Each structure stands twice: as C-alpha cells, then as structure tokens.
Amino acid sequence: MNLIDTHCHVGFKAYAEDAAEVIDRAKKANITMITVGTQVDTSRAAAALANAYDSVYATIGLHPTHAVSHGFNDTQELDFKPRQEVFDPLVYEEILKSCNKIVGIGECGLDYYRLPLGEEKKMRNKQWVAALAQFEFAAKHRLPVVVHCRDAHEDMISVIKEANASFSNVRRGVIHCFTGNYAEAKAYIQEGWMISFSGIAVFADEVGDLAAKLPLESLLI
C-alpha cells in the first residue's frame, strides 16, 4: 500500500541531523510525505527538501502563531518560536518559483489558544488578515489550503466563507489535526473541506468518537 503523510515537518530543526534517514526510511515503507511550512524559513526548507528528494512534496505558508507576537515557545517543537511575520506574497512567490513540487498553501489559519492578555482582539485580527492573504494567494495559484485552527472554529468558518466570496478559484483543502466538535466538522465538510485527525484520536475518546461519526470520504489521517 502506498501512503501519503499529508502533514509532517521534516524540514524543522528537530530533524537537522537525521532528515535524510527519516525520508529514506519512509520511502522504503512506500510513504510519500508532504512537509509543511510554518513561516518563511521553514517554507524555504520545505521547498528545498522537495527539490532534493523524489518522495517529498511541500506546502508553504505562515502559521497563525507566527503572525502575532507573544512570549510562548514550545520547547517540544525546537523550531517553533513566534516570529510576528507578515505574509508577504512576493516572498512566497519566489519560494513557489523555486520548486515545482509545492502542492498547497499553509499551514495557515487561526489559533486563539495562547494570546497575550489585553491584546486578544488585535492578535486575532492579525491572524485573520494573514489567513485571508494566504487564501487569496492560494486562489491565485490554484492550490489547496492547509488550515491550522485551534479554539477558533467559528471564526475560521467565517474566514473560509469570506474567502469564497472574495476570491475566485478558491480551492478547498484540509482542516489539519481537528479537535473541534461535530457541528464544526459538519460545517467544514459542507463547505467542501477534508478533516484530518492525528494521533490524538487514539487517546482522546471524544476525538475518536467524533472521527467515527464523519463520512469516510471526508477524512484524512
């Protein structure tokens, strides 16, 4: 069986010493991987890996946590430090031109899980602007979108609807690592999106139960 890992980060610093080994091991197991960008540097790294390995493809984009400024740094994700970057389509155009194996835009979206007290509204607005800019970029290049959403599904669905109304050629994509509820999942599916579940589904009963209720043709794992 040939499988595709639709969302990995083999371009992150955590794989600096063994990326080639990981990619080779996956290839021998008939696994193609899509390594996902989260800001300019990791998007460039993803494109470079896709150029270097025939079993690797890439997405490029700006993660919502990198669109705002705060002090949070996840020590378990060695490459994850908030950058407060602005999505610059000209920069991402250059990355796109550098690689013909870029298959999506993102991961982008909304993440309200950790926002600085007193600045929530401003930070949410920044994420919204960055997400819409990437939907427009994706529509221009006819690429699907990889959405990261945490504690913001109502607003994320509104972003999707606004993008559909504002930009022609918007292509659907995947709501990555979904942990929302059934009504939210159903709303995404009605808009034409895929829902992906990570390993969380095997130890969080409510996530596993939700996955079992959704149509198989709308699921990625």
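Axes here are lines fitted to C-alpha atoms, for helices over the stretch in contact. Keep that in mind for the helix pair later. One caution first: this is a predicted model.

Let's start with the sheet. It is open and has 8 strands. The order is β1-β2-β3-β4-β5-β6-β7-β8, and the pairing is parallel. Which strands sit at the edges? They are β1, residues 3-8, and β8, residues 219-220. Each of these pairs on one side only.

Now one pair inside that order. Strand β4 covers residues 102-111, and strand β5 covers 145-150. They pair in the parallel sense over 5 bridges. For L110, the bridge partner in β5 is C149.

Next, helices on the sheet. Helix α1, residues 19-28, packs there and touches β2 (31-36) and β3 (56-60). The direction of α1 makes about 140° with that of β2. Helix α5, residues 153-166, also packs on the sheet. Its strand contacts are β4, β5 and β6, the last being residues 174-176. Against β4, the direction of α5 makes about 135°.

Stay with α5. Its neighbour here is helix α6, residues 182-190. The two axes come within 10 Å and cross at roughly 10°. Angles under 35 degrees count as roughly parallel, so α5 is roughly parallel to α6. Which residues make the contact? From α5, we have H153, M156, I157 and I160. From α6, we have E184, A187 and Y188. By class, that is 5 nonpolar, 1 polar and 1 charged.

Last, a pocket. The second largest one has a volume of about 230 Å³. Its lining has 13 residues. The closest to the centre are T6, I34, V146, V174 and L220. Which elements give two or more residues to this lining? Those are β1, β4 and β5. And the chemistry of the lining? It divides into 9 nonpolar, 4 polar and no charged residues.

That's the tour. Questions, please.

Technical notes:
Residues are numbered from 1 along each chain as its sequence is written. This is a predicted model: local features need pLDDT of at least 70, side-chain atom pairs count only at pLDDT 80 or more; totals for chains, interfaces and linings use all residues. Side-chain values use heavy atoms; hydrogens and water are left out. Two strands pair if DSSP finds at least two bridges between them. Helices (H or I, at least four residues) and strands (E, at least two) are DSSP runs, numbered from the N terminus. Contact means heavy atoms within 4.5 Å. Axes are lines fitted to C-alpha atoms, for helices over the stretch in contact, and angles run from 0 to 180 degrees between N-to-C directions. Angles under 35 degrees count as roughly parallel, over 145 as roughly antiparallel, 65 to 115 as roughly perpendicular and the rest as oblique. Ala, Val, Leu, Ile, Met, Phe, Trp, Tyr, Cys and Pro count as nonpolar, Asp, Glu, Lys and Arg as charged, and the others, Gly among them, as polar. On a 1 Å grid over the protein atoms alone, a cavity is a set of points where a 1.4 Å probe fits but cannot get out, and a pocket is an open set with protein on both sides within 12 Å along at least five of seven lines; lining residues have an atom within 4 Å of a point. Grid points are joined across faces, edges and corners, and a volume is the space filled by probe spheres set on the points.
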